[in-house]
Structures are given as structure tokens and as C-alpha cells.
Amino acid sequence: MTHLEDPAESTLDALAPLFAATEQAMGFVPNSMKTMAHLPHLPIALSLLVQAASGADLRPLLSAFAEAAPAPDPAVELLPRTATQLAAFAASVSAGCRYCQAHTSHTGHRLGATAAQYEDLLNFETSPHFTPAERAIVAFAMAAAAVPNDVTAEHFAALKTHFSEAQIVQLAGTVAAFGFLNRWNDTMATTLEAAPVAFGEQHLSAFDWTPGKHG
């Protein structure tokens with residue numbers, strides 16, 4: 001059984017053009033897209049990524065999505081970037097991507113997170129550098145990025161004590177996006193830039209961090 005229910009029908013109705021195009025291509029609308037619709041732009045962005053990777057002409061899609069994409073709902077409070085960067089870093093630690101570990105920690109620190117959070121991530125359950133909400137984020141992100149996936153109902157129960165459904169979808173979307181980036185950069189052996197290398201060498205020693213093949 002799914003960990004999150006679908007959003008309200010009004011939200012799904014706003015994405016009718018996307019769902020219609022998907023049904024025409026696949027013969028049905030995947031339930032995963034409906035869950036993503038808690039953040040309406042997420043299934044649109046996924047569709048564009050999948051189509052771009054398959055070599056499709058995006059121009060008709062971009063035009064249709066520009067008209068169909070709903071305006072952000074000011075009543076939906078989204079997570080700050082520091083929270084999503086923490087999820088991205090934890091996911092990258094779980095996946096073992098040194099490139100993304102350096103990027104996410106460096107960016108999170110630039111956004112205002114303390115370096116101590118990244119230095120002490122492996123001790124997140126007891127470290128004083130994490131709030132209960134941040135512990136729930138890290139536990140979820142590391143489990144979600146594990147192969148095979150290690151997320152349980154208990155992870156969602158912990159998240160639901162701190163976050164809305166839209167915020168939980170935001171976290172899951174972040175982990176999923178970094179699943180793409182972790183695999184892309186490790187596959188391509190992307191060369192790391194100087195600033196994240198310096199941050200990684202200074203603050204990620206607990207992970208025995210080096211640029212490795214990204215140097």
C-alpha cells in the first residue's frame with residue numbers, strides 16, 4: 001500500500017493535459033505521477049527529463065506544459081533549501097557518489113547550514129547538530145537512496161510528525177533527482193570543481209572523502 005495518498009482532485013484536474021498525453025503514450029496514467037502531483041511541477045519536470053533522455057522533440061511539450069503548469073500555491077509551505085540539501089547530501093552518502101557529496105555539502109553550507117551537520121552526518125541519530133525533524137530527513141534519505149531501497153512505514157511515520165504531504169513529496173523528489181545525478185556523475189567520472197573539492201577535503205573526513213575519480 002502506498003505511503004502517501006493522492007492529492008485532491010482539484011490538483012489532479014489541473015494536470016489533466018499532462019495526464020492525457022501520458023495516457024495516450026502509455027495507455028494509462030501511472031499512479032506514481034499522481035503521488036508526485038502533491039508538487040504539481042514535479043510530474044511535469046519528470047516527463048520532460050524522460051522525454052529529453054529518449055531524444056524526443058521537447059518543443060511541443062514545453063509549449064503545452066507552459067500553459068498547463070499551475071501557478072505555485074502560496075498556501076503550500078515548502079521546505080527551505082537547507083533541508084532539501086541535507087536530504088540530497090544524505091542520499092549521496094548512501095549512494096556513495098563523492099561528486100554529489102561535495103556539491104551538496106558545499107551548497108548547503110553556502111545556504112546557511114552548519115558545516116558540523118555534514119561532518120557529523122553518520123552520527124545523526126545522537127548528534128546535537130540535528131533536530132528531530134532533521135534526523136527524520138536523514139534517516140529517510142539514506143534509506144531511500146539505498147540499493148535495494150530500505151524505506152519503511154516507520155520512516156514515513158517519522159516524517160509525518162514534522163512535515164506536510166507536499167513537503168514529504170519534496171524530500172522524495174530530491175532523493176530521486178539525486179539518484180539521477182549520483183548515477184550520472186559516477187558514470188561519467190565528472191571532474192569536481194575547486195570549491196567543492198576544498199570543502200570536501202576540509203569537512204568530510206569522517207567519510208574518508210577524496211575526489212577519487214572526480215579529481
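Is Ala189 buried, exposed or partly exposed? Let's work that one out first, then move on to helices and rings. Keep in mind that this is a predicted model.

**Exercise 1. Place Ala189 and look at its backbone.**

Step 1: Start with the location. Ala189 sits in the loop between α11 and α12.

Step 2: Now the surface. Ala189 has a relative accessible area of 29%, so it is partly exposed. The class runs between the buried limit of 20% and the exposed limit of 50%.

Step 3: Check phi. Most residues other than glycine have a negative phi. Ala189 is not a glycine, yet its phi is positive, at about 50°.

**Exercise 2. Do the same for Asp208, then find the cis peptide bond.**

Step 1: Asp208 belongs to the segment after α12.

Step 2: With a relative accessible area of 61%, Asp208 is exposed.

Step 3: Asp208 is another residue other than glycine with a positive phi, here near 55°.

Step 4: For the peptide bond, remember that most are trans. The bond from Val147 to Pro148 is cis, and its omega is near 0°. You'll find Pro148 in the loop between α9 and α10.

**Exercise 3. Describe how α6 packs against α7.**

Step 1: Get the two numbers you need. Two packed helices are described by the angle between their axes and the distance between the axes. For α6 (residues 81-95) and α7 (residues 98-111), the angle is about 160° and the axes are 9 Å apart.

Step 2: Turn the angle into a word. Angles over 145 degrees count as roughly antiparallel, and α6 and α7 are therefore roughly antiparallel to each other.

Step 3: Add the handedness: α6 passes α7 in a left-handed crossing.

Step 4: See who touches whom. On the α6 side, the contact involves Arg81, Thr82, Gln85, Ala88, Phe89, Ser92 and Val93. On the α7 side, the contacting residues include Cys100, Gln101, His103 and Leu111.

Step 5: Sort the contact by class. Between α6 and α7 there are five nonpolar, nine polar and one charged residues.

**Exercise 4. Repeat the analysis for α9 and α11.**

Step 1: Helix α9 (residues 132-145) packs on helix α11 (residues 165-188) at an angle of about 40°, and their axes are 10 Å apart.

Step 2: That angle makes α9 oblique to α11.

Step 3: The crossing of α9 past α11 is right-handed.

Step 4: From α9, the contact uses Ile137, Phe140, Ala141, Ala144 and Ala145, and from α11 it uses Leu171, Ala172 and Val175.

Step 5: By class, the α9 contact with α11 has eight nonpolar residues, no polar ones and no charged ones.

**Exercise 5. Classify two aromatic pairs.**

Step 1: Begin with the total. There are five aromatic pairs.

Step 2: Take Tyr118 and Phe199. Their centres are 6.5 Å apart and there are 80° between the planes, which is edge-to-face.

Step 3: Place that pair along the chain. Tyr118 is in helix α8 (residues 115-119) and Phe199 is in helix α12 (residues 194-203), so the pair links distant parts of the chain, 81 residues apart.

Step 4: Check burial. Tyr118 is buried, at 0% relative accessibility, and Phe199 is buried too, at 7%.

Step 5: Now Phe140 and Phe156. Their ring centres lie 5.5 Å apart with planes at 80°, so this pair is edge-to-face.

Step 6: Phe140 in helix α9 and Phe156 in helix α10 (residues 153-160) are 16 residues apart. Phe140 is buried at 3%, and Phe156 is buried at 11%.

Step 7: Look for a wider network. Ring pairs join Phe89, Tyr118, Phe199 and Phe207 into a cluster.

**Exercise 6. Map the surroundings of Leu121.**

Step 1: Leu121 lies in the loop between α8 and α9.

Step 2: Its relative accessibility is 0%, so Leu121 counts as buried.

Step 3: List the neighbours, leaving out residues up to four places away in sequence. Leu121 touches Leu86, Phe89, Ala90, Val93, Phe130, Val138, Met142 and Phe207.

Step 4: Finish with a long-range distance. Leu121 and Ala206 are 85 residues apart along the chain, and their C-alpha atoms are separated by 8.7 Å.

Notes:
Residues numbered from 1 in each chain as written. Predicted model: local features only at pLDDT ≥ 70, side-chain atom pairs only at ≥ 80, totals over all residues. Heavy atoms only, no water. Axes fitted to C-alpha atoms, helices over the stretch in contact; angles between N-to-C directions. Helix = DSSP H or I, 4+ residues; strand = E, 2+ residues; numbered from the N terminus. Parallel < 35°, antiparallel > 145°, perpendicular 65-115°, else oblique. Left-handed = near helix turned anticlockwise from the far one by under 90°. Contact = heavy atoms within 4.5 Å. Nonpolar A, V, L, I, M, F, W, Y, C, P; charged D, E, K, R; others polar. Phe/Tyr/Trp six-rings, centres within 6.5 Å; stacked < 30°, edge-to-face > 60°. Buried < 20%, exposed > 50% of the residue type's maximum accessible area, 1.4 Å probe, protein only.
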